[in-house]
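Thank you all for coming. Please take a moment with the sequence and the structure before I walk through them.

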Amino acid sequence: MISPFRILLAISVLTLFSCKTQDLAKVQKIIPTDKNITESTVNVNTIKGHIYFLASDELAGRDTPSPELNIAARYLATTLERYGVKKVLGADSYLQKVPMKKVTPATTGTIKVGTQTFNLPSDFLLLSGEDIDLKGEILFLQHGTEADFEKGNVKDKIIVTLAGYEGQSNPQEWFYAGREKQERGNKYGVKAIVEIYSNAQLPWAFLLQFFNQPRTMVDDTTADEDGTPYIWVNAGDPAAIADLKKNGSQGTITVTGSKEEMVETYNVVGMVAGSDPAVKDEYVIYSAHYDHIGRGAADASGDTIYNGARDNAVGSVTVLSAAENISKNPTRRSALFIFFTGEEKGLLGSAYYADHPMLPLDKAIYCFNSDNAGYNDTSRVTIIGLTRTHAQPLIEKACAAFGLNAKEDEVPEQGLFDRSDNVNFAAKGVPAPTFSMGLTSFDEVINRYYHQAADGPETLDYEYLEKFFKSYVYACRLIGNTDQSVFWKEGDKYFEAGEALYKK
Ligand SMILES: [Zn+2]
């Protein structure tokens, strides 16, 4: 931001050389404010064009993975290029490859030990690995700690353990423990890891719902690393489980119909260097997810394409609007624009980016994310996390300039802060709220469109959107140019993570 002193100086000098007093008005126009600069690039037809493309039927709801999602990625990348946004230093593309795999669960399978037969999926699930056909000697290893593996003669055996470690009851912890046991399995050359599962917090029926349907996940490992088949057995039948734990007995495991497929998906990333040498090594992240949920059940009109106009073509285009604006008029700090893949599959693209940042995260002073469930109040903007960082007055000022009220999340029970990509940056310590259309409650209007086929571009109020986009871009400029701290407020859940990141 230009200092008031410089503005005054510039006006005086120019006035000195002009003889007509009415020129003062012209002169003031020559020194644009961040608000003027915002207004100079944000216009409703550009916004409409982008949204109508991204949320078109031809892009089929931008599912992760899908060819249409990659078309959207290409569109975002070429638009960045057209706007003059640069690739990140050292990168040869605007596309950051996010390795993912699509897992189709097995259709049939049995584990046979003695006279017992366990059937898939009512009695067991294959959590990791593809089709299996193996035989081996059973070895029961209690909780399967490193010490248990070291002591036992485990090579080429089917290792049976209790799920999790001693004293753990949380299924989340059990997943982590299982991952470690699987790695031990790889290291010690065992044939399979079979864990006995019984957990009231996450009953078998719920596990089935998740693991017994196709799912997409980040695949951060090499093919070798997930070599050992990893299985959970339902502990429902005590007699069968007693047989499964009998050391020395022979077991056979067969599983068929499963499929793991590597898929190509991308985050789209570009940057604009800052204008002030003193702070240009710092940068602000402007981000949004560009995927949605693809096709789904037909609605009353027979429509099966979930266009995701609100969620999140709108967010993607707010970031595009900031990119166009900042590329033409750089802020003092550098700007990094990121469009995430796989948000709807579990915040996958942002999780991957936060673990593999293309610029050092401790130079990112802020992440201003944009994501939307929908809107039911066009007098306001909902900023999830507004009151949690010191950027609050800047964001409020930007919204007020275009006649909108900036409001903190009014549906905290929905846990929206933790349901979008911003949380992956917050967890690393980067202050990261989410800018959303005005939402006062999850009422009938929201539910009519939220994750529905009805969420199409023709149902949006573009008069409101123009103000909404201008508010976002103006706020971006104020944050990118500010002299004040935009850090977490003291006492925030992520305050300490932030202190650790920035070594305060
Ligand atoms: Zn969504």
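**The zinc site**

With angles of 56 to 149° among its 4 donor atoms, the site of the zinc ion is irregular; four donors would count as tetrahedral if all angles lay between 85 and 135 degrees, and as square planar if opposite donors were over 155 degrees apart and all others between 65 and 115. Donors here are N, O and S atoms within 2.8 Å of the metal (3.2 Å for Na, K and Ca), and water is not among the atoms, so sites may look incomplete. This is a predicted model, in which local features need pLDDT of at least 70 and side-chain atom pairs count only at pLDDT 80 or more, while totals for chains, interfaces and linings use all residues. Residues are numbered from 1 along each chain as its sequence is written, and side-chain values use heavy atoms, with hydrogens and water left out.

The protein donors, lying 1.9 to 2.5 Å from the zinc ion, are D311 (OD), E344 (OE), E344 (OE) and H451 (NE2), and in sequence the donor residues are spaced D-x32-E-x106-H. H451 counts as partly exposed because its relative accessibility is 22%, where buried means under 20%, exposed over 50% and partly exposed in between, with a 1.4 Å probe and protein chains only.

**The core**

The largest nonpolar core, a set of buried Ala, Val, Leu, Ile, Met, Phe, Trp, Tyr and Cys residues joined through side-chain atoms within 4.5 Å, has 67 residues, and I51, V268, Y286, F337, F368 and I395 have the most contacts inside it. Apart from this core lies another, of 33 residues, among them V88, M271, I338 and L347.

Conventions. Tetrahedral: all angles 85-135°; square planar, octahedral: opposite > 155°, others 65-115°.
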